[in-house]
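Trainee: I would like a close look at one part of this model, the place where the two chains meet. Please take me through it in one connected account, and then follow the chain into its neighbouring strands.

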Protein chains: 2
Amino acid sequence: MNAPGLNLRIATVEDVGTILTFIKELAEYEKLSHQVVGDEEQLRKTLFGDRPAAEVIIAEFGGAPAGFALFFHSYSTFLARPGLYLEDLYVSPKLRGHGIGKKLLCRLAEIAIERGCGRFEWSVLDWNESAIRFYENLGAEPMEGWTVYRVAGDTLEKLAKSE
Amino acid sequence: MNAPGLNLRIATVEDVGTILTFIKELAEYEKLSHQVVGDEEQLRKTLFGDRPAAEVIIAEFGGAPAGFALFFHSYSTFLARPGLYLEDLYVSPKLRGHGIGKKLLCRLAEIAIERGCGRFEWSVLDWNESAIRFYENLGAEPMEGWTVYRVAGDTLEKLAKSE
C-alpha cells in the first residue's frame, strides 16, 4: 500500500520538464552539474520516442512531483537473464524522510521480479555515506573488485574509425 | 577492413551452444565459474525470443568461432542519450594476439555512434592487469569513485514484498 499522500506512476511525455529539473537537482547534489548537457528535446526523443531507451517512474507526494527513478534493462550472461539497472534515484531534499526513496526501490524490485530479472543494480558515489547506509540497510551489497571503464566523445569516434 | 581470416557477424539462435561455451570459458578465466547458472534454453529465450534482452556479435577466425561480445543499451540522464554497455568480451586464449578483441571493440564503438550513444562502457576485474592495459591503450578511462550495489535472490524478493 502507498504511504498516505504518496503515489507512484509511469512518466509520460508531459513529464519531461519535471524529469530534467530532477536530473539537474541530482547532478548538483552529486557535484556533477558540469556534466549535464541534455535538454527537454533530447529527453523527449530518447525516452518517449519510437524506441524508448529507458523507463521513468514519477513519485508524487501530496499531488506534486516529489522524485523519480529512471531505469533500463541490463543482462547477466552468468544467469542468462536480464537485470534491472537503476540509473537515477532522486527525491526532493525537502520531501526526504517520508519513505519515498524506499517506495521507489521496492517498486523497481517488484518490476524486476515481474520481468524475470536476476538482479537489480545501481551505482553510488563513494563519498555518499548516507546513501550507502540506506542501501546497505535494504540488503544491497557492494560489488567490490570491479571498475567501470568508459570511452566517450572524441575517443569513441576515434575507436569507431580505427577498424 | 577485417584482418585476414577474421569475420564479425550478428549471432543467431543457432549460436546458443557456442555462446554458452564462451560464457563458461570466460567465467573460468574470471574465477567465477560457480556463478554460471544459465543454460542454452535460458539464453535462447532471453536473447533470441520475442524481446531480446541483449545483442551478441560472434567473431570468426579461419571460419570457426573465436570469441564474442554481448552488449545492451544503457542510458545517461546527464547526456539524455542512450549508451552502449559491453557485458562480456571474450576471445579464445589460443587465438589471442590476432587483434580479435580490438576488432570487436571497434565494431561496438561504430554501433554506439550509429545509434546515437554518448558513451561506451564495460566493467573490468581489478586484478586483470593485461585487460586494463589493453583498455587504457585504447583511451578508455576508469570511472573512479563509484561502486555498484546489487540486490539479488532472496533479498530481491524481500525488497519487492516490503512495499
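Mentor: Start with a single pair: Glu121(B) forms a salt bridge with Arg150(A), and the closest N and O atoms lie 2.7 Å apart. Bear in mind that this is a predicted model. Between chain B and chain A the count of salt bridges is two. Polar contacts across the interface of chain B and chain A come to 30 residue pairs, with both residues at pLDDT 80 or more.

On the side of chain B that touches chain A, helix 3 (residues 100–114) of chain B gives the most, with nine residues. By class, that side of chain B has 41 nonpolar, 17 polar and 17 charged residues. The contact as a whole takes 75 residues from chain B and 75 residues from chain A. The size of an interface is often given as the accessible area lost when the parts come together. Here chain B and chain A bury about 6900 Å² between them, and 62% of it is on carbon and sulfur atoms.

Strand pairing also links the chains. Strand 6 (residues 141–142) of chain A runs antiparallel to strand 7 (residues 146–152) of chain B, and two bridges join them. In this pairing Glu141(A) stands opposite Arg150(B), a residue of strand 7 of chain B.

Now to the strands within chain B. Strand 3 (residues 64–76) of chain B is mostly covered, with 11 of its 13 residues buried. Strand 3 of chain B is joined to strand 2 (residues 55–61) of chain B by seven bridges, and the two run antiparallel. One bridge partner is easy to find: Glu55(B) is matched with Phe71(B) in strand 3 of chain B. Strand 2 and strand 3 of chain B form a hairpin with two residues between them, and Gly62(B) in the turn has a positive phi of about 60 degrees.

Strand 3 of chain B also pairs with strand 4 (residues 81–91) of chain B, again antiparallel, through 10 bridges. Here His73(B) stands opposite Leu84(B), which belongs to strand 4 of chain B. The hairpin of strand 3 and strand 4 of chain B has four residues between the strands, and Ala80(B) takes a positive phi near 55 degrees. Strand 3 of chain B is thus bridged to strand 2 of chain B and to strand 4 of chain B.

Methods
Residues are numbered from 1 along each chain as its sequence is written. Chains are lettered from A and ligands numbered from 1 in the order in which they are written. This is a predicted model: local features need pLDDT of at least 70, side-chain atom pairs count only at pLDDT 80 or more; totals for chains, interfaces and linings use all residues. Side-chain values use heavy atoms; hydrogens and water are left out. Contact means heavy atoms within 4.5 Å. Buried area is the accessible area (1.4 Å probe) that two parts lose on being put together, summed over both. A salt bridge is a side-chain nitrogen of Lys or Arg within 4 Å of a carboxyl oxygen of Asp or Glu. A polar contact is a pair of N or O atoms within 3.5 Å; within protein, one must be able to donate a hydrogen and the other to accept it, and residues adjacent in sequence count only if both atoms are side-chain atoms. Ala, Val, Leu, Ile, Met, Phe, Trp, Tyr, Cys and Pro count as nonpolar, Asp, Glu, Lys and Arg as charged, and the others, Gly among them, as polar. Two strands pair if DSSP finds at least two bridges between them. Buried means under 20% relative accessible area, exposed over 50%, partly exposed in between (1.4 Å probe, protein chains only).
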